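This report describes the spaces in a protein and the ligand that is bound there. Please keep the sequence and the structure in view while reading.

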Amino acid sequence: MAEKILTGIKPTGQLTLGNYIGVLKHLHKEVERGDCYYFIADLHALTLPIDPEVLRQNSIDLACFYLAAGLDPKKVTLFLQSSVSAHAELNAIMQNYLYMGELSRMTQFKDKSSKMKESAIGLGLFAYPVLMACDIVLYDASAIPVGEDQIQHVELTRDLVNRFNNRYGDILVMPKAEVRKVGARIMSLSDPTVKMSKSDPKGDIFLKDDLKTIRKKIMSAVTDSGCEVKFDQENKPGISNLLTIYAALKDISIEEAEKEFEGYRYGDFKKAVADVVCAEMEIFQNKYREILETKAYEEALREGAKRAQAIANQTLKRVKNAVGLLDIE
Ligand code: ATP
Ligand code: MG
């Protein structure tokens, strides 16, 4: 059986360079090793307050971004999570196999809820990892390319699969998170001790920023005392982050990047990073604009939904049968 590769991105805000380097940039290569399922996690986007029109626009943008990143919708299954009802149905079953204690230990929940009034924290934010586990197991996915922050959720999915299969037999496929060696956690340019995040946009580079803005943001990125361009996350988090961005985009190791910048001053180093980011973004943004204009994403999402539904419904049936829900078709 071909390997199944799956990943999703939430349409919660404008995509950042972190999303691009951490996952998006590399997704087109995965078709060489198996069947790819890539989705717009729009149900997950509802876990924090969001304006309906913004959600719609973000979802369209995200579809265009996936395609601009070089995905061929005939070769990968690209779809909206909400257009495959099996996600929500499986969620109703699986919420009984993950427990309050383990969900309350999730770092993402702690981070996001700590910024909110307790009376405003929705159940969906707490239960997010249950739905994410369903997203994964529905497609029998074994490889989950994600940024570092999602490892904990994939680990929880693994616990669920173990628990479920121990009880009911070999029903679900065991997934594994796959993170990039370089670029699994791009940090904010204004505070390199926190992750670049689209729902917390201080210090982000957005994929839709014009090139002048991108250059300006990089040139004014927080750097560290000293003057050597060296990778040292503890003492030089700002420089290390810029080195990571450079190495990830050039597809070289951190050591190779360090060598290139031996003897450079911070200003010249930043200029070189800005050149590389702008060169890549220029090509990417041109593709994005073309896809947005021709609305090529509409057909891709329609076809993707059909293919995704067919696979997801099979898994749902298998699970319903395993837990004892009557099938009277
Ligand atoms: P949000 O603030 O809404 O959670 P986000 O930027 O974290 O937004 P997600 O939709 O949660 O984006 O994540 C999409 C993918 O991008 C995930 O695989 C995630 O691990 C990855 N990712 C997110 N931020 C970064 C980052 N700073 N560096 C590398 N990968 C990232
Ligand atoms: Mg996130």
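## The ligand and its surroundings

Helix α1, which spans residues 17-22, provides the largest share of the shell around ligand 1, namely three residues. The model discussed here is predicted. In total, 21 residues surround ligand 1, and those that come nearest are K112, D149, K195, K198 and S199. Sorted by class, this shell around ligand 1 holds six nonpolar, nine polar and six charged residues.

Two of the nearest residues, K195 and K198, belong to the group just named, and each of them also has a polar side-chain atom beside the ligand. For K195, the distance from this atom to an oxygen atom of ligand 1 is 2.6 Å. For K198, the corresponding distance to an oxygen atom of ligand 1 is 2.7 Å. The backbone takes part as well: a polar backbone atom of G147 lies 2.8 Å from an oxygen atom of ligand 1. On its own, ligand 1 has 600 Å² of accessible area, and the protein covers 98% of this area.

## The cavity that holds the ligand

Where does ligand 1 sit? Ligand 1 is placed in the largest cavity. The structure holds one cavity of 30 Å³ or more, and the space in the largest cavity amounts to about 530 Å³. Its lining consists of 34 residues, and G8, I9, N19, D149 and Q150 are nearest the centre of the cavity. D149 thus appears twice, since this residue is also among those that come nearest to ligand 1.

Four elements each supply at least two residues of the lining of the largest cavity: strand β1 (3-9), helix α1, helix α6 and helix α7 (123-137). Helix α1 therefore has a part in this lining as well as in the shell around ligand 1. By class, the lining of the largest cavity comprises 13 nonpolar, 13 polar and eight charged residues.

## The two largest pockets

The largest pocket contains about 510 Å³ of space. It is lined by 19 residues, and D111, K112, K115, K195 and S197 are the closest to its centre. Two of these residues, K112 and K195, are also listed among those that come nearest to ligand 1. The elements that contribute two or more residues to the lining of the largest pocket are α6 (107-114) and α8 (151-168). Of the elements, α6 gives the most, with four residues.

The second largest pocket has 17 lining residues, and G183, R185, F231, Q233 and T244 lie nearest its centre. Helix α10, residues 237-250, supplies the largest share of this lining, four residues.

The table sets out the volume of each pocket and the classes of its lining residues.

| Pocket | Volume | Nonpolar residues | Polar residues | Charged residues |
|---|---|---|---|---|
| Largest pocket | about 510 Å³ | four | seven | eight |
| Second largest pocket | about 290 Å³ | eight | five | four |

Which residues should be located on the structure to find the centre of each pocket? For the largest pocket, K112 and K195 are among the closest; for the second largest pocket, F231 and T244 are among the nearest.

Technical notes:
Residues are numbered from 1 along each chain as its sequence is written. Chains are lettered from A and ligands numbered from 1 in the order in which they are written. This is a predicted model: local features need pLDDT of at least 70, side-chain atom pairs count only at pLDDT 80 or more; totals for chains, interfaces and linings use all residues. Side-chain values use heavy atoms; hydrogens and water are left out. A residue is near a molecule or strand if one of its heavy atoms lies within 4 Å of it. A polar contact is a pair of N or O atoms within 3.5 Å; within protein, one must be able to donate a hydrogen and the other to accept it, and residues adjacent in sequence count only if both atoms are side-chain atoms. Accessible areas come from the Shrake-Rupley method with a 1.4 Å probe; for residues, only the protein chains shown count as cover. On a 1 Å grid over the protein atoms alone, a cavity is a set of points where a 1.4 Å probe fits but cannot get out, and a pocket is an open set with protein on both sides within 12 Å along at least five of seven lines; lining residues have an atom within 4 Å of a point. A molecule sits in a cavity or pocket if more than half of its atoms lie within 2 Å of its grid points. Ala, Val, Leu, Ile, Met, Phe, Trp, Tyr, Cys and Pro count as nonpolar, Asp, Glu, Lys and Arg as charged, and the others, Gly among them, as polar. Grid points are joined across faces, edges and corners, and a volume is the space filled by probe spheres set on the points.
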